[in-house]
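Work through the exercises below with the sequence and the model in view, and try each task before you read its solution.

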Amino acid sequence: MTLTDRYLKAVAAQLPRATRDDIIAELRDAIQTRMEDREESLGRPLSEAEQEAVLREVGHPLTVAARYGSGPQHVVGPELYPWWMFGVKVALVAMAAITVIGLVVRVFAGDMMAGQAIGHAFANVFNGAITIVGLATLAAFIIERQKEKPAFIRDWRVKDLGLFEIAAFDADSVSRALSENGPTQSGAADRARGRVRGISGQMSPAARGVASAIAWAVFLLWWTGLLTTRDLRPIDLAVTIDGVSYSQLVIQTLGLIYWPVIAYAVARIVFGLARAAMPGSVRLTGLGDLGLSVTRACFYGWLWIASPLSPLIRADSLQTLIERVATMVQTHDWALATIIMLVVAIGFVTSVFEASGALWRLVTGKPSPGADRLKPSLV
C-alpha cells in the first residue's frame, strides 16, 4: 500500500458512505497531479519523504474530510453565539437565586453556619454552571444544524429588547451599585439598583416568556437532581424546633408533590415558549395565567388543609391568623410555623388575585385594569 493509498483510506473513514467514492476519486486525481508536478520540477521520482511532504501540504485527513461535510464546522456559530451567551447568563442568575435561597433557609434554620454556607454556595454555583453550559451548548449544537434557524433569531421587535438588559449585570456592576452610596452618587446608585426592578416592568410578553422558560428550565433541572447541588436537598436538612422535626415534614410534603411540581414546571416552560411565539395574544396569556394561578391557589390550599404541614400552620379563622401574627410581632418570637402560615396565606391570596386578572383578560381580550402599574413576575 502506497503512502497515497494509506492517506486516502484515512480520509475515507471520515466521509459519509453516499459520497465517499466520488470524493476519494477526486482527491486521488488532485494528489496525483501534485505529485507529478513535483517530480517534473525535480526531474526524478519522489522519495518517500518527499511524497509524505506533498501529502502534508494537502492537509490532515480529518481537516480534508471536514471540508466535504454537509454541516457547519463549529459547535456554536457567530450568529447563534450571542443568544447562547445570553441564555447561559440568565440560567446562571436563576441557579444562583436557587442556591442563595436554599442556603439562607438553612442558615436561618440554624442548620448551617454562615461561613459554611458561603463555601457551599460557591461550590453549588460552580457545579451548576458546568451543567448549564453543557446543556446550553448541546441545545446550540442542535439548533446550529437545522436548515432554518428559529424565528426568534430573525424576527425581533425593539420593544422586546428590555429583556436583554439582564445580561448586562455582572459582579462589577453589582459591586458598583452597592458601593455608590456617597451624596453625589446616590442618584446613580439608586438607578443602578432600580434597573433590575424596572426591567420586568419594561418587558413585553415575548420577553417575559423567554425569561420565564429559562428560569423554570433551571428549576426543573434542580428539582429532578440533574443540576448538581450540595446540601440543598430536603434530606440534608436537619431542623427540629420545639420538638417538631421540620425536616421530616418537608420531606413528606415534597414526596407528595414531586411529580405535580414537575408537571407544573413543564407547563410553565411550554407556556413561556408559547407566549414568546405569540406575544400579541392577550387571551392566550390570560388562559395560561388563569390555569397556572388556579393551580397555585389549589397548592396553597392543600398546604393549608391537607398537607403534612397543615396541623402546624392552619388557622381555623381569620381572627386566629391575625392573633398568631400579632403575637409573633409583639413578642419577637419568630416561630417558624407562624412564618410558614403567613407565607402560605399570602401566596393563596396573591394567586386568587392573579387568577381574577387572568380571567378578565381571557373574557375581554384586554389587559387587566391597572396592569400598566403592576410589575409582572417572570415566574
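The exercises that follow deal with confidence, a nonpolar core, one helix, salt bridges and aromatic pairs.

This is a predicted model, in which local features need pLDDT of at least 70 and side-chain atom pairs count only at pLDDT 80 or more, while totals for chains, interfaces and linings use all residues. Residues are numbered from 1 along each chain as its sequence is written, and side-chain values use heavy atoms, with hydrogens and water left out.

**Exercise 1.** Find where in the chain confidence is lowest and where it is highest.

Solution. Begin with pLDDT, the predictor's confidence in each residue, from 0 to 100; the chain averages 76, and 72% of the residues score at least 70. Next compare the helices (DSSP runs of H or I, at least four residues, numbered from the N terminus): the lowest confidence belongs to α9 (residues 186-202), with a mean of 45, and the highest to α12 (residues 282-305), at 91. Finally, note that pLDDT stays under 50 over residues 169-178 and also over residues 371-379. Where pLDDT is low, the predicted coordinates should not be read in detail.

**Exercise 2.** Determine which helices supply the largest nonpolar core.

Solution. A nonpolar core is a set of buried Ala, Val, Leu, Ile, Met, Phe, Trp, Tyr and Cys residues joined through side-chain atoms within 4.5 Å, where buried means under 20% relative accessible area, exposed over 50%, and partly exposed in between (1.4 Å probe, protein chains only). The largest core has 16 residues, and Tyr 7, Val 11 and Ile 31 have the most contacts inside it. At least two of its residues come from each of α1 (3-12), α2 (17-42), α3 (48-58) and α4 (61-67), with α2 giving the most, 5 residues. As a last step, look at Val 11: beyond four places in sequence, its contacts (heavy atoms within 4.5 Å) are Ile 24, Leu 27, Pro 61, Val 64 and Ala 65.

**Exercise 3.** Check whether the length of α2 agrees with its number of residues, and list its buried residues.

Solution. The expected span of a helix is 1.5 Å times one less than its number of residues. For the 26 residues of α2 this gives 38 Å, and the end C-alpha atoms are 38 Å apart, which agrees. Its buried residues are Ile 23, Ile 24, Leu 27, Ile 31 and Met 35, and what covers them includes α1, α3 and α4.

**Exercise 4.** Locate salt bridges that join α2 to other helices.

Solution. A salt bridge is a side-chain nitrogen of Lys or Arg within 4 Å of a carboxyl oxygen of Asp or Glu, and the structure holds 6 of them. One joins Asp 5 and Arg 28 at 2.9 Å, N to O, linking helix α1 to helix α2 across 23 residues. Another joins Glu 57 and Arg 38, with the closest N and O atoms 3.2 Å apart; Glu 57 lies in α3 and Arg 38 in α2, so the pair ties together parts that are 19 residues apart in sequence. Arg 34, Arg 38 and Glu 57 are linked in a network of salt bridges.

**Exercise 5.** Classify the aromatic pair of Trp 216 and Tyr 264.

Solution. Rings of Phe, Tyr and Trp (its six-membered ring) pair if their centres lie within 6.5 Å; planes under 30 degrees apart count as stacked, over 60 as edge-to-face and the rest as tilted. The structure holds 9 aromatic pairs. Trp 216 and Tyr 264 are 5.3 Å centre to centre with 75° between the planes, an edge-to-face pair. Both residues are buried.
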